[in-house]
Amino acid sequence: MREELCRNVDALAGLIGIRHDSRPSSLDATVAHITREWENQGQAVKVEAYHTAAWEAKNLVVEWRGQTQPDSVVIVGAHYDTVRGTPGADDNASAVAMLLAVSEALKNQRYARTVRFVAFANEEPPHFPGPTMGSAVYAKACKQRGDDIYAMVCLEMVGYYDTAPNSQTFPTELPKIVKPLLRSTGDFIAFVSDMATRRQLRQFTKGFKKAVKFPVISAPVPKARDLLWLSDHGPFWDQGYPALMVTDTSWFRNENYHEMSDTPDTLDYDRMSRVAVGVAEGVSRLAIPVRQ
């Protein structure tokens, strides 16, 4: 899995580089790469296109129909674009690589619930935090269709780790109830949700911890929609759906955030591969494996 993660991050953040709608050709190359990777896994990829001022944006969807609860859906998603001027290795090639790795790891299992893997367009400005975000377009479409989403798992920056003392900071606005869980070393992965998603967060975390020994901070956060909306889970909260985020905490740890220095060589692929194993089991726990 380590080699797969490294290869996909290199392809996105190294070979393709900046993936912003000021460079439509780079986004088209990204769409082609993700589609090819999924097709090589044997997946059928659905392209859901919508128009913006700069290009025809594309959300990419792989769906596995549930065996016994097909109308209940688990979504795993990550955005593939970057801000202007950065190759975006951690933000967010790391998460796209993990999205692909998780689908590969789980592809031979069948689940009670329907599972969808979605690669989202346009998470970054100028689309953030507006209606042309790929996740906002997709969440709104889910609501209009009446989709019953049991959980949405957002992968957002999952590849940067730092074992140095005091390498980790946190938002000062975090509630006191969360503060005893915090760590001063940036060697962990964080799972956060709003209070309405605490059941799904607990299930996901149990699955993760069953699969891998890795430092975790997992917490439902009161007023999360004010503090922690800032990724593709946010639009799902806006539509009333349960959603949680998996993250290395972004700029609270990674000084390369939104910089040209966010390059593939800065990521920790050993830790990232361990996290991917745990995330796969967390998703499996939400979707409920079915004996074949």
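I take a salt bridge to be a side-chain nitrogen of Lys or Arg within 4 Å of a carboxyl oxygen of Asp or Glu. The model I examined is a predicted one.

**Entry 1. Salt bridges**

I began with Asp71 and Arg65, whose closest N and O atoms are 3.8 Å apart. Because the cut-off is 4 Å, I recorded the pair as a salt bridge. I noted Asp71 and Arg65 as both exposed.

I then looked up the total and found that the structure holds twelve salt bridges.

Next I turned to Arg116. Its side chain meets that of Glu63 in a salt bridge, with an N to O distance of 2.8 Å. Arg116 belongs to strand β5 (residues 113-120) and Glu63 to strand β2, so this pair ties together parts that are 53 residues apart in sequence. I asked whether Arg116 is buried or exposed. Arg116 counts as buried, at 8% relative accessibility. Glu63, at 40% relative accessibility, counts as partly exposed.

A second salt bridge of Arg116 goes to the side chain of Asp147, at 3.0 Å from N to O. This pair also links distant parts of the chain, with Arg116 in strand β5 and Asp147 in the loop between α4 (134-145) and β6 (148-156), 31 residues apart. I recorded a relative accessible area of 14% for Asp147, which is therefore buried.

Which residues are linked with Arg116 in a network of salt bridges? I found Glu63, Arg145 and Asp147 linked with Arg116 in that network.

**Entry 2. Positive surface patch**

I looked up the positive surface patch and listed Arg198, Arg199, Arg202, Lys206, Lys210 and Arg285 as the residues that form it. Which element gives the patch its largest share? Helix α5 (residues 198-211) does, with five residues.

I checked one of these residues further. Arg202 is placed in helix α5 and has a relative accessible area of 46%. Patch residues need over 30% relative accessible area, so Arg202 passes on that count. I entered Arg202 as partly exposed.

**Entry 3. Polar contacts of buried side chains**

I located Asn59 in strand β2 (residues 56-64). Asn59 counts as buried, at 1% relative accessibility. What does the side chain of Asn59 reach? I found the backbone nitrogen of Ala121 at 3.1 Å from it.

I then moved to Asp268, in the loop between β9 (243-247) and α8 (269-287). At a relative accessible area of 18%, Asp268 is buried, because the cut-off for that class is under 20%. The side chain of Asp268 is joined to that of Arg271 by a polar contact of 2.7 Å.

**Entry 4. Ser22**

I placed Ser22 in the loop between α1 (2-16) and α2 (24-40). Its relative accessible area is 36%, and I entered Ser22 as partly exposed. I recorded two side-chain partners for Ser22: His20, through a polar contact of 3.0 Å, and Arg84, through one of 3.4 Å. I also took the separation of Ser22 from Val115, which lies 93 residues away along the chain. The C-alpha atoms of Ser22 and Val115 are 32 Å apart.

**Entry 5. Cis peptide bonds**

I noted a cis peptide bond from Phe128 to Pro129, with omega near 0 degrees. Pro129 is in the loop between β5 and α4.

I noted another cis peptide bond from Asp91 to Asn92. What is its omega? The value I recorded is near 15 degrees. Asn92 is in helix α3 (residues 89-106).

**Entry 6. Positive phi outside glycine**

I looked up Met157, where phi is near 55 degrees, a positive value in a residue other than glycine. Met157 is in the loop between β6 and β7 (189-193). With a relative accessible area of 0%, Met157 is buried.

Ile288 also has a positive phi, of about 70 degrees, although this residue is not a glycine. I placed Ile288 in the loop between α8 and β10 (289-290). Is Ile288 buried or exposed? I entered Ile288 as partly exposed, at a relative accessible area of 32%.

Notes: Residues are numbered from 1 along each chain as its sequence is written. This is a predicted model: local features need pLDDT of at least 70, side-chain atom pairs count only at pLDDT 80 or more; totals for chains, interfaces and linings use all residues. Side-chain values use heavy atoms; hydrogens and water are left out. Patches are made of residues with over 30% relative accessible area and no salt bridge: like charges are joined within 9 Å, nonpolar side chains (Val, Leu, Ile, Met, Phe, Trp, Tyr) within 5 Å. Accessible areas come from the Shrake-Rupley method with a 1.4 Å probe; for residues, only the protein chains shown count as cover. Lys and Arg count as positive and Asp and Glu as negative; His and the chain ends are not counted. The place of a charge is taken as NZ of Lys, CZ of Arg, CG of Asp or CD of Glu. Helices (H or I, at least four residues) and strands (E, at least two) are DSSP runs, numbered from the N terminus. Buried means under 20% relative accessible area, exposed over 50%, partly exposed in between (1.4 Å probe, protein chains only). A polar contact is a pair of N or O atoms within 3.5 Å; within protein, one must be able to donate a hydrogen and the other to accept it, and residues adjacent in sequence count only if both atoms are side-chain atoms.
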